[in-house]
Every structure is written in C-alpha cells, then in structure tokens.
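Work through the exercises below with the sequence and the structure side by side. Try each task before you read its solution.

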Amino acid sequence: CALPIYPVIGVFGVAASRRDSVSDLFQYVWMAFGGVIVLTITFGSAGILYLRRQILAQHSLQQELMVVTRDIELAEEVAGVGYWSYEPRTEIIVWSRETYRIYGEDPETFTPTRDFLHSTYHEDDRERVVAEMIKNSEVGGSGSFEYRLRLRNGAVKTVHVGIRTEEQRVFGVVTDMTVRKAAQQALAERERHLADALDASQAAV
C-alpha cells in the first residue's frame, strides 16, 4: 500500500519548489495540510508513519550533505585552494567559497564574469595569462601555470591555476601562493645575505 503515497509526496515537492513568495508559502502549507488529510483518510496511521519515515530519511540525507559541504569548505580554507567552472556556451562561471575569498569578493553580492577575471590579471602577466588560456581552450586537456592577481582593493596575490578543458565546460583549481611565495623570497634573501657575509669574511682573511 506504499506505492500510492508517492503522488502525495510529489505534491509536497511541487509546492516546496514554488515557495518564492508569501502566497506560494501559504499555498505550500495548504497543499501539505490537504495532503496529510488525504493520506490519513486513505491509509490511516500506517500511511502517516510511512510519510514520517520518508521525511526523517530525507532530513538525515540533507544533514549529511550539509556536513560534507562544510568539510569541503574547511579543507579549501586550510589548504588555500578553491575551484571554479566555466561554461563557454552560457558564459556561466561558478566559484567555490574559497575562490571568492582568494579574489576578495563576497559570494552573497558578487557574480564573477569573464571581463572581471581579465581585469584581475596583473598588468605584467596579462599577456602571458591570456595566451595560456587561449592555448588551453584550443588544445584541450589539462594545463597549469602561475601568475599574479591585482584585486579591486589594490592587493596583489600570486596564484597557481590548474585547468582541465572538456567539451562543454572548463574546470579549474586555484591555489593562493601569496604567503608561500613571500616565505620563499624571504628565505632566498636571507641566503643571499649569508653568502655575502661569508664572502666578506673570507676576503678579510
């Protein structure tokens, strides 16, 4: 007797998908209430128990999905790695939360575009980055390169980008290398000073 319950659940789903206004919310509540009444009359307490189990199972899956999504966001934040995708046909660009952080933008108020991305390429790296992008789109497959970003707030960051071009979209991973690059430069500068000091001491002898 479980099979006829799916039209009722389907009604709930249709109503829930349309909760974009107050009137739709009232419609959803009314349809849900009516569905429960029909379910009770038709199947009695067994139908209600079945519906309750289905709702609890769906809620559990949603909770698990939320936990997994949060874990992925934390892993991105710790590693300083974000991901993005681009569909040439629709020109839709999708960023992960960490990608928004790397670019210094708010995911709640900002929508990335090709023109914006082009504007963030550092003026000394722009020509090379555009050439890399064109080559990857023509050849396809995977590629990676490093360049600098100049953000809207004036900050300069170094990023490493890995790209994979498929038939219908381009997928990429962006790694914030700014702190690592600064540490490498500081280490190189320290080694240079030590080498100069050693040369000076040997010359004095």
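The exercises that follow concern a predicted model, and they treat its sheet, its aromatic rings and its salt bridges in turn.

**Exercise 1. The sheet**

Determine in what order the strands of the open sheet lie, and which of them stand at the edges.

Solution. Begin with the arrangement as a whole: the sheet is open, has 5 strands with antiparallel pairing, and follows the order β2-β1-β5-β4-β3. Next look at the two ends of this order, where β2 (92–95) and β3 each have a single partner strand, so that one side of each is left without a neighbour in the sheet. On average, neighbouring strands of this sheet are turned by 20° against each other when direction is ignored. Then take one pairing in detail: β1 (residues 81–87) and β2 are joined in the antiparallel sense over 4 bridges, and Glu87 is found opposite Ile92 in β2. Finally, add the helix α5, which packs on the sheet, where it touches β3 and β4 (156–165), and whose direction makes about 160° with that of β3.

**Exercise 2. The aromatic rings**

Classify the ring pair Phe110 and Phe116, and then the ring pair Tyr121 and Tyr147, from the distance of the centres and the angle of the planes.

Solution. The cut-offs needed here are that centres must lie within 6.5 Å for a pair, and that planes over 60 degrees apart count as edge-to-face. By this rule the model has 9 aromatic pairs. For Phe110 and Phe116 the centres are 4.7 Å apart and the planes stand at 65°, so this pair is edge-to-face. Both Phe110 and Phe116 are buried. For Tyr121 and Tyr147 the centres are 5.6 Å apart and the planes stand at 90°, so this pair is edge-to-face. Now place the two tyrosines in the chain: Tyr121 belongs to the loop between α4 (114–120) and α5 (126–139), while Tyr147 belongs to strand β3 (residues 141–150), so that the pair links distant parts of the chain, 26 residues apart. Tyr121 and Tyr147 are both buried. As a last step, follow the ring pairs from residue to residue, and you will find that they link Trp95, Tyr100, Tyr103, Phe110 and Phe116 into a cluster.

**Exercise 3. The salt bridges**

Explain which parts of the chain are tied together by the salt bridge of Arg101 and Asp176, and which by that of Glu123 and Arg150.

Solution. The whole structure contains 11 salt bridges, and one of them joins the side chains of Arg101 and Asp176 at 3.6 Å, N to O. Because Arg101 lies in helix α3 (residues 97–103) and Asp176 in strand β5 (residues 170–176), this pair ties together parts that are 75 residues apart in sequence. To judge burial, recall that under 20% relative accessible area counts as buried and over 50% as exposed. Arg101, at 40% relative accessibility, is therefore partly exposed, whereas Asp176, with 18%, is buried.

Turn next to Glu123 and Arg150, whose closest N and O atoms are 2.9 Å apart in their salt bridge. Since Glu123 lies in the loop between α4 and α5 and Arg150 in strand β3, the pair ties together parts that are 27 residues apart in sequence. Glu123 is partly exposed at 44% relative accessibility, and Arg150 is partly exposed at 32%.

A further salt bridge joins Glu166 and Arg164, with the closest N and O atoms 4.0 Å apart. To finish, note that salt bridges with shared partners join Glu98, Arg101, Lys157 and Asp176 into one network.

Note on methods
Residues numbered from 1 in each chain as written. Predicted model: local features only at pLDDT ≥ 70, side-chain atom pairs only at ≥ 80, totals over all residues. Heavy atoms only, no water. Phe/Tyr/Trp six-rings, centres within 6.5 Å; stacked < 30°, edge-to-face > 60°. Buried < 20%, exposed > 50% of the residue type's maximum accessible area, 1.4 Å probe, protein only. Pairing = 2+ DSSP bridges. Axes fitted to C-alpha atoms, helices over the stretch in contact; angles between N-to-C directions. Contact = heavy atoms within 4.5 Å.
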